[in-house]
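Dear colleague,

I am handing over a structure that will be new to you, and I would be glad if you read the notes below with the model open beside them.

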Amino acid sequence: MPELPEVETLRRFLLSTECLDSRIRSVRVLWARSVAEPDPENFRTLLEGDRIKGIDRRGKYLVFQLGLGNTLLVHLRMTGGFRFFPGSHKPDSHDRVIFDLESGALVFHDTRKFGRMRLTRSPETILDQLGPEPLSDEFRTELFYDSLGRRRRILKPLLLDQTFLAGLGNIYVDESLFDAGLHPLRRSDSVSRSESDRLYDSIRSTLKQGIENGGTSLGDGETNFSSGGIYGRNASSLQVFRRSGKPCPRCGTILVRIIVAQRSSHICPRCQIL
């Protein structure tokens with residue numbers, strides 16, 4: 001599933017295209033369930049004639065600011081993504097929604113059909129439920145430490161909880177915990193202030209690295225992440241994720257895969273002692 005670095009990479013790609021301030025001539029909904037709100041017919045009616053005035057990101061959501069007061073929220077889920085074509089576009093079998101613009105075609109492509117769009121005048125009803133942005137100024141070391149202590153939860157599922165911290169998923173949680181030397185099964189209220197500060201720094205540096213590398217693509221297949229047809233380069237920088245059976249890049253101990261809250265987790269049993 002695309003996480004914060006992948007969504008941010010896609011946002012930056014879209015800002016580099018000609019979709020901004022381009023009038024939406026028509027909308028083709030090719031898979032009705034891609035549109036969660038409102039129904040597809042009203043979705044088309046409300047969007048046609050409007051303009052995309054800005055593209056932001058909140059956690060794993062792409063946030064399209066529209067000229068007539070609506071906001072389009074898009075959650076990519078597992079395989080969703082956008083492509084932009086300067087001219088007209090003939091849909092392929094995995095295109096789900098096509099926005100025909102004055103400047104070209106903005107295409108939502110989603111192989112596994114899990115991505116969802118919501119057109120709303122009140123985006124805060126969804127976005128305000130999310131935790132702080134880990135790369136924002138509001139995400140501060142002292143607040144992070146206090147939040148860990150108050151929750152009293154297993155560390156990894158807490159970091160995956162979007163109401164606690166927005167944007168992290170399985171890849172970047174595993175990488176951050178390894179970088180900080182913390183076991184994913186640790187209780188959050190057992191984390192010391194120095195460990196919390198270390199994890200805070202690891203989360204931020206891991207996400208920044210993912211963005212600098214254009215996101216993580218774990219292969220070059222149809223379902224893997226790409227932005228503008230370009231696959232992310234961050235897989236070569238991963239230290240533990242999906243590297244079980246290989247030596248730890250720090251100590252040489254063989255990395256292992258364990259299950260935490262029904263999710264695969266990749267750790268070094270020597271660097272991340274429970």
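In this predicted model, strand β6 gives the most to the lining of the largest pocket, contributing 4 residues. The elements that supply two or more residues to that lining are β6 (80-85), α6 and β13 (263-267). The pocket has a volume of about 750 Å³, and of the 32 residues that line it, Met1, Pro2, Met78, Thr223 and Phe225 lie nearest its centre. By character, the lining of this pocket divides into 10 nonpolar, 14 polar and 8 charged residues.

The search for enclosed space gave a short result, since the whole structure holds 1 cavity of 30 Å³ or more. About 40 Å³ of space lies in the largest cavity, and its lining is made of Ile24, Leu47, Ile52, Phe64, Leu66, Leu72, Phe99 and Leu106. In the lining of the largest cavity there are 8 nonpolar residues, with no polar and no charged ones.

Turning to charges, side chains of opposite charge can pair when their charged atoms come close, and the structure holds 17 salt bridges. One of them joins the side chains of Arg57 and Glu133, with 2.8 Å from N to O. Because Arg57 lies in strand β3 (residues 52-58) and Glu133 in the loop between α3 (124-127) and α4 (141-151), this pair ties together parts that are 76 residues apart in sequence. Both partners fall under the 20% limit for buried residues, as Arg57 has a relative accessible area of 18% and Glu133 is at 9% relative accessibility. The two also belong to a network of salt bridges that links Glu8, Arg11, Arg12, Arg57, Arg58 and Glu133.

Two further salt bridges may be worth finding in the model. In the pair of Asp179 and Arg250, the closest N and O atoms are 3.5 Å apart, and the bridge links distant parts of the chain, with Asp179 in helix α6 (residues 170-180) and Arg250 in the loop between β11 (230-231) and β12 (256-260), 71 residues apart. Asp179 counts as partly exposed at 25% relative accessibility, and Arg250 counts as partly exposed at 45%. Glu142 forms a salt bridge with Arg140, where the closest N and O atoms are 3.3 Å apart; here Glu142 is partly exposed at 34% relative accessibility, and Arg140 is partly exposed at 38%.

Arg250 has a second contact, in which its charged end sits over the ring of Phe178, 4.7 Å from the ring centre. A comparable arrangement involves Lys113, whose charged end sits over the ring of Trp31, 3.7 Å from its centre.

Among the rings themselves, the count comes to 7 aromatic pairs. The rings of Phe82 and Phe108 have their centres 5.2 Å apart and their planes at 50 degrees, so the pair is tilted. This pair links distant parts of the chain, with Phe82 in strand β6 and Phe108 in strand β8 (residues 105-110), 26 residues apart, and both Phe82 and Phe108 are buried. Elsewhere, Phe139, Phe144, Phe164 and Tyr200 form one aromatic cluster.

With best regards

How values were computed
Residues numbered from 1 in each chain as written. Predicted model: local features only at pLDDT ≥ 70, side-chain atom pairs only at ≥ 80, totals over all residues. Heavy atoms only, no water. Salt bridge = Lys/Arg side-chain N within 4 Å of Asp/Glu carboxyl O. Buried < 20%, exposed > 50% of the residue type's maximum accessible area, 1.4 Å probe, protein only. 1 Å grid on protein atoms, 1.4 Å probe; cavity = no way out; pocket = protein on both sides within 12 Å on 5 of 7 lines; lining within 4 Å. Points joined across faces, edges and corners; volume = space filled by probe spheres on them. Nonpolar A, V, L, I, M, F, W, Y, C, P; charged D, E, K, R; others polar. Phe/Tyr/Trp six-rings, centres within 6.5 Å; stacked < 30°, edge-to-face > 60°. Lys NZ or Arg CZ within 6 Å of the ring centre and 35° of its normal.
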